[in-house]
Amino acid sequence: MFQVLFKRLPGNEDLQLPRKMSELAAGFDLQAALTEPVTLQPGERKLIPTGFSMAMPGELEAQIRPRSGLAFKHGITCLNSPGTIDADYRGEVKVLLINHGQAPFVIERGERIAQMVIQLVPAVEISEVDELPDTVRGAGGFGHTGV
């Protein structure tokens with residue numbers, strides 16, 4: 001079990017820290033820490049604060065992902081998805097939202113705007129070589145397998 005620390009930022013005492021909305025949920029819902037409502041026009045993107053910062057062990061990363069309900073009902077999703085929060089970042093977690101819908105969308109304080117999934121990051125050693133091992137696929141990509 002890994003311990004992840006959350007620090008509520010001043011002025012956000014009324015907001016909940018990230019939390020899972022069901023027992024087996026993979027993601028922690030994130031709320032908008034806005035001082036006033038923000039309107040996202042179709043095609044517009046904005047960085048939305050969450051009102052907290054965090055610390056986690058170096059073996060972890062936090063991924064910011066869209067909420068399926070907002071995406072389906074309103075076309076609201078996260079750009080740079082999944083966004084990565086690195087273990088050494090200590091600033092406020094923010095969510096980059098975009099409106100792919102056809103109507104303006106108003107984000108209110110406390111609205112659940114995204115989810116955060118915490119994942120293991122394996123230790124990896126990079127080695128430079130002159131040749132790579134062959135595979136059946138080789139360099140085929142972008143539809144090469146017929147899909």
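Student: Why does phenylalanine 52 count as buried?

Tutor: Its relative accessible area is 2%. Buried means under 20%, exposed means over 50%, and partly exposed is what lies in between, with a 1.4 Å probe and protein chains only. At 2%, phenylalanine 52 is under the 20% limit, so the word is buried. This is a predicted model, in which local features need pLDDT of at least 70 and side-chain atom pairs pLDDT 80 or more, while totals for chains, interfaces and linings use all residues. Residues are numbered from 1 along each chain as its sequence is written, and side-chain values use heavy atoms, without hydrogens and water.

Student: What makes phenylalanine 6 and phenylalanine 52 an edge-to-face aromatic pair?

Tutor: A pair of aromatic rings is described by the distance of the centres and the angle of the planes. Rings of Phe, Tyr and Trp (its six-membered ring) pair if their centres lie within 6.5 Å; planes under 30 degrees apart are stacked, over 60 edge-to-face, and the rest tilted. Here the centres are 5.4 Å apart and the planes 70° apart, so both conditions are met. The structure holds one aromatic pair.

Student: Which parts of the chain does the pair tie together?

Tutor: Phenylalanine 6 is in strand E1 (residues 5-8) and phenylalanine 52 in strand E5 (residues 52-55), so the pair links parts 46 residues apart in sequence. Strands (E, at least two residues) and helices (H or I, at least four) are DSSP runs numbered from the N terminus. By that count the protein has one helix and 11 strands, in the order β-β-β-β-β-β-α-β-β-β-β-β.

Student: How do you know that the protein is more spread out than a compact globule?

Tutor: The radius of gyration, taken over C-alpha atoms, is set against a globule rule of 2.2 Å times the number of residues to the power 0.38. For 147 residues the rule gives 15 Å, and the protein has 19 Å, well over that, so it is more spread out than a compact globule. The C-alpha trace spans about 55 × 40 × 30 Å along its principal axes, and 34% of the residues count as buried.

Student: Is phenylalanine 6 buried, exposed or partly exposed?

Tutor: Partly exposed, because its relative accessible area of 26% falls between the two limits.

Student: What is notable about the loop that holds asparagine 80?

Tutor: Asparagine 80 is in the loop between E7 and E8. Its phi is near 55°, a positive value in a residue other than glycine. With 60% relative accessibility, asparagine 80 counts as exposed. Proline 82 is in the loop between strand E7 (76-78) and strand E8 (83-85), and the peptide bond from serine 81 to proline 82 is cis, with omega near 0°.

Student: What residues does valine 117 contact, beyond its neighbours within four places in sequence?

Tutor: Contact means heavy atoms within 4.5 Å. On that test valine 117 touches Ala26, Gly27, Glu61, Ala62, Gln63 and Arg65. Valine 117 lies in strand E11 and, at 4% relative accessible area, is buried. Glutamate 61 is 56 residues from valine 117 in sequence, with 8.4 Å between their C-alpha atoms.

Student: Is glutamate 125 buried or exposed?

Tutor: Exposed, because its relative accessible area of 72% is over the 50% limit. Glutamate 125 is in the segment after strand E11 (112-120). Its C-alpha atom is 37 Å from that of alanine 71, a residue 54 positions away along the chain.
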